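User: I would like to learn how to read a sheet, a core and a set of cysteines from a model like this one. Could you take me through them in turn?

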Amino acid sequence: MRHVRRCTRTGCSQSAVATLTYIYSDSTAVVGPLAAFAEPHSYDLCEEHAVRLTVPRGWEVVRHAGEFPSPIPHADDLEALADAVREAARVELPREVRGDDNGLTGRRGHLRVVPPPV
């Protein structure tokens, strides 16, 4: 499972919600929604640092208008969740733990496994 991207500002451990990119030829800093992938020449920022960003005199800042959306879960995250559910379903409970006489239904925590209709 991939890890959550963090703000690249020193000492900040907040989750990143925005990406900062500099366009040196135009003396411009662009702050937009979090890019899908981390790039070597861009910086991930938390909401506080994205909003409070200042640039050198003579530079321009182009900012995303509105709130920064939360990052969309990556396919790896969803696959890891699905794998964990499949692994939990593979565990066979002893008959006395299941609490049934026929061995066809099972209970684990708050989940119940019910056999398909015959």
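User: Where does Thr19 stand with respect to Asp44 and β3?

Analyst: Strands of a sheet pair through backbone hydrogen bonds, either parallel or antiparallel. In this predicted model, Thr19 stands opposite Asp44 in β3, and on β2 the residue opposite Thr19 is Gly32. The pairing of β1 (residues 18-23) with β2 (residues 28-33) is antiparallel and extends over 6 bridges, while β1 and β3 (residues 42-45), also antiparallel, are joined by 4 bridges. Between β1 and β2 the hairpin has 4 residues, and Ser27 takes a positive phi near 50° there.

User: What is the order of the strands in the sheet, and is it open or closed?

Analyst: The sheet is open, with 4 strands in the order β3-β1-β2-β4 and mixed pairing. Because β3 and β4 (60-63) each have a single partner strand, they stand at the edges, and one side of each is left without a neighbour in the sheet. From one strand to the next the twist averages 20°. The parallel part of the pairing lies between β2 and β4, which are joined by 4 bridges, and there Val31 has Arg63 of β4 as its bridge partner.

User: Which residues make up the largest nonpolar core?

Analyst: In soluble globular proteins, nonpolar side chains tend to be buried together. Here the largest nonpolar core has 12 residues, among them Val17, Leu20, Val31, Leu53 and Phe68, together with the cysteines Cys7, Cys12 and Cys46. Strands β1 and β2 each supply at least two residues of this core. Leaving aside residues up to four places away in sequence, Leu20 touches Ala29, Val30, Val31, Ser42, Tyr43, Leu45 and Leu53.

User: How many disulfides does a search of the whole structure find?

Analyst: A disulfide is a covalent bond between the sulfur atoms of two cysteines. The search of the whole structure finds 0 disulfides. Cys7 is in none, and the nearest cysteine sulfur, that of Cys12, is 3.9 Å away. For Cys46 the closest cysteine sulfur is likewise in Cys12, at 3.8 Å, which is too far for a bond, since the cut-off for a disulfide is a pair of sulfur atoms within 2.5 Å.

User: Are Cys7 and Cys46 buried or exposed?

Analyst: Residues under 20% relative accessible area count as buried. Cys7 has 6% relative accessibility and is therefore buried, and Cys46, with a relative accessible area of 3%, is buried as well.

Key
Residues numbered from 1 in each chain as written. Predicted model: local features only at pLDDT ≥ 70, side-chain atom pairs only at ≥ 80, totals over all residues. Heavy atoms only, no water. Pairing = 2+ DSSP bridges. Core = buried A, V, L, I, M, F, W, Y, C linked by side-chain atoms within 4.5 Å. Buried < 20%, exposed > 50% of the residue type's maximum accessible area, 1.4 Å probe, protein only. Contact = heavy atoms within 4.5 Å. Axes fitted to C-alpha atoms, helices over the stretch in contact; angles between N-to-C directions.
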